[in-house]
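Student: I am new to this structure and would like to find my way around. Could we go through a few places together?

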Amino acid sequence: MTTDHQYDLTTLAARAGEEARPAGSVALAEPIYQSTVYAFPDLETLDWAMSGEQPAAFYYRNGTPNAGTLERALAVLEGTEAALAAGSGMAAISAALLGILKAGDHVVADSRLYGVSYALLAEEFPRLGIEVTFVDACDHSEVEDAFRDTTRVLHVESLTNPLLTVPDVPALATLAHARGALLSVDNTFASPAMFRPALHGADLVTHSVSKYLSGHSNAFGGVACGRADLIAAARTRLLRLGGTISAFDAWMTMQGLKTLGLRMRAHSGNAQAVADVLVNHPRVRAVYHPGLSDHPQFHLAMDLFPHGFGGMLSADIEDAPGFVKALAGRIPLAPSLADVMTTISWPWGTSHRALPEAERRRLGITPDLLRLSIGIEDIGDLLNDFEHALNS
């Protein structure tokens, strides 16, 4: 700050150091830009920033430099024109879909969605005058029969939560586009390290970044990727609804993102090994993992996911409560996924709790179904832990 005037100490404390910046070097690690507002030298520069012609930081709700870094990274990784960072995965999905939809429009969606995504479409969208039809996205005739003249979007997950079914994204993209609709794919379970839906025809790709993208259970947010016009419309809705991602969460996600490829190879290899062991154990009634030869979409999965399927699998286990208790102190029971550490979740009482009991059972989600998020630990240690629990 200039000091040609003798300022009071209170003024000096408020302003001192604001002009100090590193000279002649660039930080190798991106700083955290926690400022909620930015100053401009003149009205012309402020007007340029507000015009939206190019990304510019001016107010926290409109985005921070850290959010911009995350958006650019995810657009590159997913192979899309643009991306939008949001305060949660649900905020990203909501903004992306509401950027397209209006009252009177119709959505076709897979019935096997994550429970809160299902509730958003089944309960909240009808309140806005948007109709939704749920289908088995693996039954293409059922999907096609659900389309109407007012259908604007088909929404699916690349790997469904929690039963790991595999919709045929390329075929669904062709079907949706032939009917003048867009294909939206939640790619959270796979991550772009395993699958890139936009390269197979998807128009919108969404993620919960607290899962594999950050990978350490320490950052929260969401992202939507797609064509520039679709992301611009989603950004407008997000700004009005206030679903901003924090600078710190965006920064933390970028730290995790740098090791995504390495982590996903380890997650995938370990999950396959665990699935191969569980499927042969007498206390395990069923295992849901695309890498098992009896999976209903095994050949499609092998074609779409040549580098692996990520770390997720589910299993119907005899005496699931006893199994969870036997793992206490070894593998945590936690209602989320994709940490570097293996965790177990109970879909019946967590992710799909909001669904009516009859609907949960129809989808195959029973009280004995456990969702396993396999981490990157030594595979021998993991198998010993599971065998201990199954045999105790």
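Student: In which loop is the place of P162?
Tutor: Keep in mind that this is a predicted model. The peptide bond from N161 to P162 is cis, with omega near 10°. As for its place, P162 sits in the loop between β4 and α7 (169-178).

Student: Is S217 buried or exposed?
Tutor: Let's start with where S217 is: the loop between β6 and β7. Its backbone has a positive phi of about 55°, although S217 is not a glycine. Exposed means over 50% relative accessible area. At 52% relative accessibility, S217 therefore counts as exposed.

Student: And A338, is that residue buried or exposed?
Tutor: A338 is found in the loop between α12 (320-326) and β10 (343-345). Here too phi is positive in a residue other than glycine, near 80°. The cut-off for buried is under 20% relative accessible area. Because A338 has 1% relative accessibility, it counts as buried.

Student: Let's turn to the sheet. Which strands are at its edges?
Tutor: Seven strands form an open sheet with mixed pairing, and their order is β1-β7-β6-β5-β4-β2-β3. An edge strand pairs on one side only, and that leads to β1 (82-86) and β3 (131-135).

Student: How much are neighbouring strands of this sheet turned against each other on average?
Tutor: For this value, direction is ignored. Taken that way, the average turn between neighbouring strands of the sheet is 20°.

Student: In β7, what is the bridge partner of A86?
Tutor: β1 and β7 (residues 222-226) run antiparallel and are joined by five bridges. A82 stands opposite G226 in β7. For A86, the bridge partner in β7 is G222.

Student: How many residues of β1 are buried?
Tutor: Look at the two faces of β1 in turn. On one side A82, L84 and A86 are buried, and on the other A83 and A85 are buried, so to speak a cover on both faces. The strand is mostly covered, and its count of buried residues is five of five.

Student: What angle does the direction of helix α4 make with that of β6?
Tutor: Two helices are worth looking at here. Helix α3 (residues 65-78) packs on the sheet, touching β1, β6 (204-208) and β7, and its direction makes about 135° with that of β1. Helix α4 (residues 89-98) also packs on the sheet, touching β1, β4 (151-157), β5 (182-186), β6 and β7. With the direction of β6, that of α4 makes about 160°.

Student: How is α4 placed against α5: is it oblique or roughly parallel?
Tutor: Two packed helices are described by the angle between their axes and the distance between the axes. α4 and helix α5 (residues 115-127) pack at about 45°, with their axes 11 Å apart. Because of that angle, α4 is placed against α5 as oblique.

Student: How many residues of the contact of α4 with α5 are charged?
Tutor: From α4 the contact has M90, I93, S94, L97 and L98, and from α5 it has V116, S117, L120, L121 and F125. Eight of these residues are nonpolar and two are polar. The number of charged residues in the contact is therefore none, as Asp, Glu, Lys and Arg are what counts as charged.

Notes:
Residues numbered from 1 in each chain as written. Predicted model: local features only at pLDDT ≥ 70, side-chain atom pairs only at ≥ 80, totals over all residues. Heavy atoms only, no water. Pairing = 2+ DSSP bridges. Helix = DSSP H or I, 4+ residues; strand = E, 2+ residues; numbered from the N terminus. Axes fitted to C-alpha atoms, helices over the stretch in contact; angles between N-to-C directions. Contact = heavy atoms within 4.5 Å. Parallel < 35°, antiparallel > 145°, perpendicular 65-115°, else oblique. Buried < 20%, exposed > 50% of the residue type's maximum accessible area, 1.4 Å probe, protein only.
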